[in-house]
Amino acid sequence: MLVATLFEKWSAPVAAYIFRLVGDWELAHDLTQEVFLRVFNNRHQLESVENQRAWVYRIATNVAFDALRRRRRLAWLPWRSDHAAALPEPTTPPEAVDQRIAIERALAQLPPDYRAPLLLYGYYGFSVREVAKALDISEGAVKTRLYRAREQFRQVYEKEDDP
Amino acid sequence: MNQHQRVSELLAVYRDLTDAERREVEQHIQGCPACAQKLAGYRAMDRDLANLKARDQATQTALQPNARLSRSLASPQTTRPRWFGWMAHVPGLARQVAGIAALLLLTVGLITVFRGPPSQPGAGPSIPPTQTPDPLEAFATRVFEPEATPSVEATEIYGHGTSATPEPELPSSEKIMTICFAGEPSSLLWPQDDLVTDAAMEAMQEPLIDALNYGYRANLVEKLPSLADGDATLQEVTISEGARFVDAASDRVLTLTQGMTESFALNQLEGEPLAIQQWDGSPLTTVQQSAQWTLIEGLTWEHGRPVTAGDSVFAFNMALDPNYSGPDLFVAERTATYEALDQRTMRWTGLPGLFDPTFFINVWNPQPSHLYGTLSWAEIQRDEQANRAPLSYGPYKIVEWIPGESITLSPNQYYLRGQPPLDSVVIRFVPNDANQIVAQLASGECDLGLQDAGFEESLPLLRGFEEQGLLRVETVIGMVFEHLDFNLQPAEGYAGAAATLRDNQGGLLFQNADFRRAIAHCLDRQALIDQATNGGGFFQHTYVPANHPLHPGDEAITTYYGVSPDTGRALLGGLGWTDTDGDGLLDDGAGTRLIFDLATRQNPLREAATQIIQAQLRDHCGIEVNVQMLGAEFFAEGPEGPLFGRAYDMAEFAWLTDAEPPCNLYLSSEVPSEANGWGASNSTGFANPAFDAACAAALNALDPEEKAARHTEAMRIWTDQLPSIPLFARAKITVFRPEVEGVILDATNNTELWNIENFDVNR
């Protein structure tokens, strides 16, 4: 598949995925450009890649994690309330906003190693096999991380959701 | 690890279990309520995350490659296949021919491709990205390559599908449908009154009431109001000085004032309208209608705010803005009140005197009053969001609109019928070229091509694709019917054949019903349909098609005109027109030949149809016809316009039929003239009191049996007198790929997207 076509199809979901990893839309957009530049530079691999989507997300994950490392935010990523305030939802019912914020906060508090598989599995509907390819880990490791991610997410979410 | 812990971990990947794991989980959770609860929690967690994704993607601005990436993408590796550019630059007719030729070539090549390539084993279809593929080869590869088999066996459990990976192409598990339009809406601002806007808005603001199968169906209101149910009323009211009312004679809104000199008529509960020549100031009685509707509970705008009756009232109020112009203006102006009774209930009350048999559809589709309630219509017309991204309460909402390219839609999480099956809908614009759309359907770039493409000319090709299982073609009798009008009442000063040719009794030939019947017998309308529409038309005998619920059946329409040149010639001979000089053409024996003009609005279908008519009349009956292909002036209002100025001999054009048979088109009151400002429909000049009476009674009847009987009577008179020869109903044609599910083409709904919430792709 042509890189331009890949960009057209996947830049939006990749940017959203990266945003959920790095918590910053502007950075996510910059990193998405970086992702597709790397895809372009490695385009000779495209034909031999078994699963192009997983391959692109693997690059996206690496780019996002690199950025996080650079920013020394591996351990914990704070919720960026300024972005929530900027979103144009003046008339969303308050309870829906509360629930969304609780979900976003819970997600943001997961370590990236857990957040990434949970996003890929729950957010994008990847299979375990695809998650394994995207993160370059074994399927067994995906299952373990997903279980831990879900439990941690649930605990944080319940705490966030408490009034 | 004990079994409970093992099952707990399996629950975290509940979509990806093997059969053995699934059995283990099912057995375990039967005795473990906490595990069942955990599974439900994980599924809810994934739903929340998926919703978050939809919102993330919807709130992003469209990402464009930056300068560095653009430079890379602009390298030769990313150029489109050569065939694309080749198709795009061949102009007009040549491109059509070239496109069809290419597709036919591919169709022929299809069998070979399916049987397997003759090349050596292992030679796969993939083309290295740095190599520009041969245009036809690339096309064929993309179109005909069998679907890749998923590499992981699908596991369906707990209601979720698997996301096993197809390879090597398009591995996304997202369900995206690309719908190709031949036209791009100029705006999505209400009211929508063209095909493409109507189609696009079905996804965001589907109507409260659907027109389906020549009837109406409550869609987002609980029911249609009716007199029998008590949620509609028809009662007698008294009007006096200052009252606004609807004149039954002219449908105009008048004000009752002392000294008014106009005559008028008032509808009555029983009997004929009361005719008033001059009002003497005493109170008058007439009728008044009202009806109420309740919005379905749960109807919600895309950001979570409920849709209210107030939103519907807001849309009505906008229709009364002096700058507003829309199809609902007629009813709005004849409305006494339109009010919200509570959060979900609206009530309409017509002006005194209005008698509207379809009162039950006089409801306004809601518009977001919380966004635009303080604006005038002129301000709303300038509002970017109202024009480009109208707020949705339908199954999908707008993510982005790239002018000249596409509109992208994502699911509206607040849609009251639940999440639609598709993750994304892309409306792509492929301007005015049915062949391009056919090519893109065949290649998979389009999943569905809408009727606005005009697939009639491509039907044989499409049928070929259909036979190969590559595409599906759906046709249904549409509401548009082509017909051949005779000018029975030429305007004063018109000197054409309709005003000069005479029968042997001295009467105008075109006014003689036998002349019109003779013309019908001289035509082979089925051959015309086959040749002009490639079989994409449906024969009809009257002004409604055969599948219309109020079509009385051929046996009830007493006059049927089959192809019979001998009968036609005999009828013409009886009027004094025979071939007296042996030149093969009819004449009156006094040196005048039977020659007249046939005018139409220029377009390919009508050009073909009129030329066939010309040939048939000459060959079958010796009648000479001059075809006049006219531009937009053909439909111009009278007295200047030829058609509605009654300055023509014979004309070919189309009318729309409806749930109510359009007999009103041929009422004597509808003959365009100075008296009615030339703004009327009956260009034939047909004036028949018995027909007028039957038609008026049919239109005003509330009792279904009475309505049907009166329409039958009107059609019987009309087909006997034949002021116009129905030619054919145009087929609605839509084309889609075999994996598309849920498309139901309806005869009376304007768009095939009326149930877009059910569309799915099964790739």
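Residues are taken as buried under 20% relative accessible area, as exposed over 50%, and as partly exposed in between. By that criterion B:Asp251, with a relative accessible area of 38%, is partly exposed, because its value falls between the two limits. The model described here is predicted, and the account below moves from the helices of chain A to individual sites in chain B.

Chain A contains 8 helices and 0 strands, so that its elements, read from the N terminus on, follow the order α-α-α-α-α-α-α-α. Of the 163 residues in this chain, 56% are buried. Among the contacts in chain A with a separation of 6 or more, 70% are accounted for by residues 24 or more positions apart.

Two helix pairs in chain A were examined, both of which involve helix 6. Two packed helices are described by the angle between their axes and the distance between the axes. For helix 6 (residues 112-123) and helix 7 (residues 128-135) of chain A, the axes come within 10 Å and cross at roughly 140°. This pair is therefore classed as oblique, and the crossing of helix 6 and helix 7 of chain A is right-handed. On the side of helix 6 of chain A, the residues that take part are A:Ala116, A:Pro117, A:Leu120 and A:Tyr121, and these meet A:Val128, A:Val131, A:Ala134 and A:Leu135 of helix 7 of chain A. The residues of this contact comprise 8 nonpolar, no polar and no charged.

The second pair joins helix 1 (residues 3-22) of chain A to helix 6 of chain A, with an angle of about 145° and axes 10 Å apart. Here, too, the crossing is right-handed. Helix 1 of chain A contributes A:Ala16, A:Tyr17, A:Arg20, A:Leu21 and A:Val22 to the contact, whereas helix 6 of chain A contributes A:Arg115, A:Ala116, A:Leu119, A:Leu120 and A:Tyr123. The residues of the contact between helix 1 and helix 6 of chain A divide into 8 nonpolar, no polar and 2 charged. A:Ala116 and A:Leu120 of helix 6 of chain A appear in the contact with helix 7 of chain A and also in the contact with helix 1 of chain A.

In chain B, B:Glu24 is located in helix 2 (residues 19-30). B:Glu24 is buried because its relative accessibility of 17% is under the 20% limit. The side chain of B:Glu24 is joined to that of B:Arg6 by a polar contact of 3.1 Å. When residues up to four places away in sequence are not counted, B:Glu24 touches B:Gln3, B:Arg6, B:Val7 and B:Leu10.

A second buried site in chain B is B:Leu753, which has 1% relative accessibility and is placed in the loop between strand 22 (740-741) and strand 23 (760-761) of chain B. B:Leu753 and B:Ala203 are separated by 550 residues in sequence, while their C-alpha atoms are 7.6 Å apart in space. With residues up to four places away in sequence again not counted, B:Leu753 touches B:Ile179, B:Phe181, B:Ala199, B:Glu202, B:Leu448, B:Leu450 and B:Phe759.

Helix 18 (residues 525-533) of chain B has B:Arg525, B:Ala527, B:Leu528, B:Ile529, B:Ala532 and B:Thr533 as its buried residues. These buried residues pack against helix 15 (459-467), strand 17 (537-539), helix 20 (604-621) and strand 21 (724-736) of chain B. Just after helix 18 of chain B, a positive phi of about 55° is found at B:Asn534.

Further backbone features of chain B concern phi and omega. Most residues other than glycine have a negative phi, and most peptide bonds are trans. The peptide bond from B:Trp190 to B:Pro191, however, is cis, with omega near -5°, and B:Pro191 belongs to the loop between strand 1 (176-181) and helix 8 (195-201) of chain B. B:Asp251, which is not a glycine, has a positive phi of about 70° and is placed in the loop between strand 5 (244-246) and strand 6 (253-255) of chain B. B:Arg646, likewise a residue other than glycine, has a positive phi near 55°, and B:Arg646 lies in the loop between strand 19 (624-630) and strand 20 (650-656) of chain B. Whereas B:Asp251 is partly exposed, B:Arg646 counts as buried at 10% relative accessibility.

Methods:
Residues are numbered from 1 along each chain as its sequence is written. Chains are lettered from A and ligands numbered from 1 in the order in which they are written. This is a predicted model: local features need pLDDT of at least 70, side-chain atom pairs count only at pLDDT 80 or more; totals for chains, interfaces and linings use all residues. Side-chain values use heavy atoms; hydrogens and water are left out. Helices (H or I, at least four residues) and strands (E, at least two) are DSSP runs, numbered from the N terminus. Buried means under 20% relative accessible area, exposed over 50%, partly exposed in between (1.4 Å probe, protein chains only). A polar contact is a pair of N or O atoms within 3.5 Å; within protein, one must be able to donate a hydrogen and the other to accept it, and residues adjacent in sequence count only if both atoms are side-chain atoms. Contact means heavy atoms within 4.5 Å. Axes are lines fitted to C-alpha atoms, for helices over the stretch in contact, and angles run from 0 to 180 degrees between N-to-C directions. Angles under 35 degrees count as roughly parallel, over 145 as roughly antiparallel, 65 to 115 as roughly perpendicular and the rest as oblique. A crossing is left-handed if the near helix is turned anticlockwise from the far one by less than a right angle, and right-handed if clockwise. Ala, Val, Leu, Ile, Met, Phe, Trp, Tyr, Cys and Pro count as nonpolar, Asp, Glu, Lys and Arg as charged, and the others, Gly among them, as polar.
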